[in-house]
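Okay, thanks for coming, everyone. I'll put the structure up and then walk through it in two parts.

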There are 2 protein chains.
Amino acid sequence: MQHHAPPQDTSDNGQDSPRDAHLLDALVTAAFIVMAAITRIGAEHDLSLSLMRVLGILWDRRLRMTDLADYLGLEKQTMSGLIARAEKRGLVARAPSREDRRATDVHLTESGALLVAELRRQGQTALRPVIAGLGPEDRRHLADLLQAMIAGRAG
Amino acid sequence: MQHHAPPQDTSDNGQDSPRDAHLLDALVTAAFIVMAAITRIGAEHDLSLSLMRVLGILWDRRLRMTDLADYLGLEKQTMSGLIARAEKRGLVARAPSREDRRATDVHLTESGALLVAELRRQGQTALRPVIAGLGPEDRRHLADLLQAMIAGRAG
DNA sequence: TATTGTTATACTCTATAACTATA
DNA sequence: TATAGTTATAGAGTATAACAATA
């Protein structure tokens with residue numbers, strides 16, 4: 001999908017401009033580049049994207065199974081398996097909630113926290129070459145525009 | 001990972017600046033937003049990211065199994081299964097290569113080509129709200145900067 | 001009754017290993 | 001011998017369905 005720009009049919013839309021199509025293609029290409037780097041780093045540590053997201057969310061929080069599942073848009077059964085495997089590896093721990101005896105809180109272990117810190121370091125190292133071709137001025141502009149896009153997006 | 005900015009240790013690196021860290025965080029957040037949209041559209045059609053990439057690559061090409069696997073960074077056995085399932089669904093077809101009798105060429109069926117066209121339409125529709133908050137000037141700048149980044153990246 | 005979480009089951013995606021056919 | 005592809009097998013990630021314990 002990100003490897004080429006096949007002939008496009010945009011005539012039936014009315015809202016599209018060729019300029020926007022270029023921007024959208026660039027966004028998709030950039031997204032694949034960034035995700036490839038993140039996925040590769042995860043693979044080196046035997047971590048799926050979902051598990052990396054779970055660990056990242058738990059960095060400064062302690063959450064219930066259901067909240068975690070909602071956060072990632074997964075079913076609670078899926079989260080059960082994900083957390084069970086992560087717990088077996090010593091990355092997270094479960095503890096019964098004191099507010100609701102049906103609920104289970106999940107938190108990072110010390111080992112899990114160390115791993116998250118390491119992942120962040122490796123992520124920055126891996127992504128730095130991606131922006132290596134831009135000068136300081138362009139980097140500032142790109143950061144501003146992306147943040148405006150993120151903050152202002154509809155849907 | 002994309003949901004917050006935990007305290008970072010960048011002191012051991014020497015190459016990092018706080019500004020770059022902001023840019024890298026914005027790139028990651030934007031990548032997750034874009035991939036979420038793409039993944040959701042794929043899920044609506046029962047397509048994994050890998051299968052979407054395969055179909056996209058085959059849009060204007062006919063490739064061997066091994067080339068496809070190399071393109072996606074997967075093992076050839078994995079590609080065998082992926083293509084077998086896609087073929088069963090009528091999205092792609094296999095044909096023996098005439099140059100090398102060991103090899104198998106894969107190409108889109110008509111149904112597969114229609115699906116790719118539809119995916120591209122839906123992708124553009126889904127991503128348009130993401131850039132809705134930016135004016136025409138900002139869109140042009142963002143497209144230029146992303147393209148410069150993509151073209152100029154190291155690694 | 002409704003909610004929280006787990007277990008049972010099935011399918012996709014991925015990999016390693018072993019195999020067949022061709023080069 | 002090396003390469004192209006498939007099949008066999010195993011494990012992670014995902015979902016639907018059924019269940020237990022608690023609210």
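Before anything else, one definition, as I'll lean on it right away: a salt bridge here is a side-chain nitrogen of Lys or Arg within 4 Å of a carboxyl oxygen of Asp or Glu. And keep in mind that what you're looking at is a predicted model.

So, the protein–protein side. D25(A) and R120(B) make a salt bridge, and their closest N and O atoms are 3.6 Å apart. That pair passes because the cut-off is 4 Å. In total the rule picks up four salt bridges across the interface of chain B and chain A. On top of that, there are two residue pairs in polar contact across this interface, both at pLDDT 80 or more.

Which helices of chain B do the touching? α1 (18–44), α2 (49–57), α5 (110–127) and α6 (136–152) each bring at least two residues to the side that touches chain A. The top contributor is α1(B), with 18 residues. If you sort that side of chain B by class, you get 34 nonpolar, 16 polar and 16 charged residues.

Now the bookkeeping for the whole contact. Chain B puts in 66 residues and chain A puts in 67. The area buried between the two chains comes to about 6,400 Å², and carbon and sulfur atoms give 70% of that.

Okay, over to the DNA, strand D. There are 21 residues around this strand, and the ones that come nearest are S50(A), Q77(A), T66(B), S80(B) and T104(B). By class, the surface near strand D has nine charged residues, eight polar and four nonpolar.

Where do these residues sit? At least two each come from α4 (76–88) of chain A, and from α3 (65–72) and α4 (76–88) of chain B. The biggest share is from α4(A), which supplies four residues.

What part of the DNA is the protein looking at, sugar or phosphate, or bases? Of the strand D atoms within 4 Å of the protein, 61% are sugar or phosphate, and the rest belong to bases.

Let me zoom in on the phosphates. T66(B), which I listed among the nearest residues, has a polar side-chain atom 2.3 Å from a phosphate oxygen of strand D. For R94(B), a side-chain N or O atom is 2.8 Å from a phosphate oxygen. With M65(B) the partner is a polar backbone atom, 3.4 Å from a phosphate oxygen of strand D.

That's my tour, happy to rotate the view for anyone.

Technical notes: Residues are numbered from 1 along each chain as its sequence is written. Chains are lettered from A and ligands numbered from 1 in the order in which they are written. Side-chain values use heavy atoms; hydrogens and water are left out. A residue is near a molecule or strand if one of its heavy atoms lies within 4 Å of it. A polar contact is a pair of N or O atoms within 3.5 Å; within protein, one must be able to donate a hydrogen and the other to accept it, and residues adjacent in sequence count only if both atoms are side-chain atoms. Ala, Val, Leu, Ile, Met, Phe, Trp, Tyr, Cys and Pro count as nonpolar, Asp, Glu, Lys and Arg as charged, and the others, Gly among them, as polar. Contact means heavy atoms within 4.5 Å. Buried area is the accessible area (1.4 Å probe) that two parts lose on being put together, summed over both.
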